[in-house]
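I open my notebook with a plan: I will look up one helix, then the packing inside the chain, then two single residues, and I will write down what I find in order.

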Amino acid sequence: RIVFKVGTSSLTYETGLINIRQMESLCRVLSDVRNSGREVILVSSGAISVGLAKLGIVRTAHSMPEKQDDAVQALTEKQAAAAVGQCELMYLYDKHFTEYHHKLGQILLTREDIDHAWRKANIVNTFESLLGMGAIPIVNENDTVATEEISVGDNDTLSAVVAGLTHADALVILSDIDGLFTANPATNPDARLIPRVTEIDDALRGIAEGAGSLRGTGGMATKISAAGICFENDCTMTIINGAYPERIYDLLEGRSVGTLFQKEESK
C-alpha cells in the first residue's frame, strides 16, 4: 500500500492552469502501479491554484494581503477557488484514470476530522472500503471550509497523516526538486543530494530552508516533518522529482532515486 503525494508545482504551470502532459503521465504511471497489485492512494494539491486561474483571479497560493479586510476577501476568494478547482481536478483525474479502467473516490479532510476519534474511525473505514473495492482514493484538504489550513496547512503533512491512518508501507512525495540536498540548490551550486536519511535531528532540520515554490504551500521543512510522522508509523518515505513520474518505476524496482527516509531498525 503506497501513498503518493503530488504538489501544485508538479501539476500546474506558472499560469495556474493544469500541466496536461504531467497529469497524463502521472495517471498513467499510477494506473500501472495499481495494475501490478499494489494499492494506491493519491494525495493531490492544486485545487486553489487551478481554481484561481479558472476564475481569472490573479493571486498566488501564498499571497496574503496585510490589511485585515483585504485578507478576509482574499481568504474568501481562496475558498471559492478551492471549490472550483477541486471540481476541475477530479474531472481530469477521473478522465485519465478511467482510460486505464480504474475507479476513483474523493476524500476531503480537515485537521478537525483527524482530531475527533469517531470521525477518524469513519475516515479509516472509508479508506479501507474504497481500497477493498479496488478504487483509488484521491485526497485533499477541504480548503473550502478549512480556513486555517489554507493559511498554514500543507499536503506534505496530510499525506504523512494519511499514510499513518491507512497503515501504508510507503509514502512517495513528488516535488519540484530531486530530493533533500545539503543546501538549497537554487542558491548554492555546491549543494549535494542526500540519498538516504535514517535519523531526523536538529542538523537535518537546519538544512531545510525556504518555503518551496510560488504555487505551493510546503517547503523542505514540511517534508522533513512528514518524514518524522512516517518514522513514527514505521512507514518509509521518499522524495522524488514530480517532473519525471516514470522514476516511480525505478523507485519500486529498488534503484536509488531521490531521498529515501527510512529508520535503521525498519530495514
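Which residue follows H6, and what is the sign of its phi? I looked up the end of the helix and found Gly134, whose phi is positive, near 85°.

**Entry 1: what I am looking at.** I noted that this is a predicted model, in which local features need pLDDT of at least 70 and side-chain atom pairs count only at pLDDT 80 or more, while totals for chains, interfaces and linings use all residues. Residues are numbered from 1 along each chain as its sequence is written, and side-chain values use heavy atoms, with hydrogens and water left out. The pLDDT is the predictor's confidence in each residue, from 0 to 100; the protein chain averages 86, and 85% of the residues score at least 70. Over residues 60-65 the pLDDT is below 50, and over residues 210-217 it stays under 50, so I marked both stretches for careful reading.**Entry 2: the whole chain.** I counted 11 helices and eight strands in the secondary structure of the protein chain, where helices (H or I, at least four residues) and strands (E, at least two) are DSSP runs numbered from the N terminus. Of its 267 residues, 53% count as buried, a word that stands for under 20% relative accessible area, with exposed meaning over 50% and partly exposed in between (1.4 Å probe, protein chains only). I also looked up contacts (heavy atoms within 4.5 Å), and found that residues 24 or more positions apart account for 75% of the contacts with a separation of 6 or more.

**Entry 3: helix H6.** I followed H6 over residues 117-132, where its 16 residues reach 22 Å from first C-alpha to last, close to the 22 Å expected at 1.5 Å a residue, the expected span being 1.5 Å times one less than the number of residues. Ile123, Phe127, Leu130 and Leu131 are buried in this helix. Seen down the axis of H6, the buried residues fall within an arc of 95°, so they line one face of the helix; the arc is that of the directions from the helix axis to the C-beta atoms. On the other side of H6 I found Ala117, Trp118 and Gly132 exposed. The cover over the buried residues of H6 includes strand S2 (40-44), strand S3 (104-109), helix H5 (111-115), strand S4 (136-141) and helix H8 (155-165).

**Entry 4: the cores.** In soluble globular proteins, nonpolar side chains tend to be buried together. I looked up the largest nonpolar core (buried Ala, Val, Leu, Ile, Met, Phe, Trp, Tyr and Cys residues joined through side-chain atoms within 4.5 Å), which has 41 residues, and of these Val139, Val162, Leu171, Met237 and Phe261 touch the most other members. Among the elements that give two or more residues to this core are H6, H8 and strand S5 (170-175), while the largest share, seven residues, comes from H10. A second, separate core of 30 residues includes Val50, Leu89, Met90 and Leu251. I then listed what Val139 touches beyond four places in sequence, including Ile41, Ile107, Phe127 and Val162.

**Entry 5: two single residues.** Is Ile173, in strand S5, buried or exposed? Ile173 is buried, with a relative accessible area of 0%, and its contacts beyond four places in sequence include Lys5, Asp156, Ala226 and Met237. Ile173 and Met237 are 64 residues apart in sequence, yet 7.5 Å apart in space from C-alpha to C-alpha. Ser49, found in helix H3 (residues 47-55), is also buried, with a relative accessible area of 10%, and its C-alpha is separated by 5.2 Å from that of Gly16, 33 residues apart along the chain.
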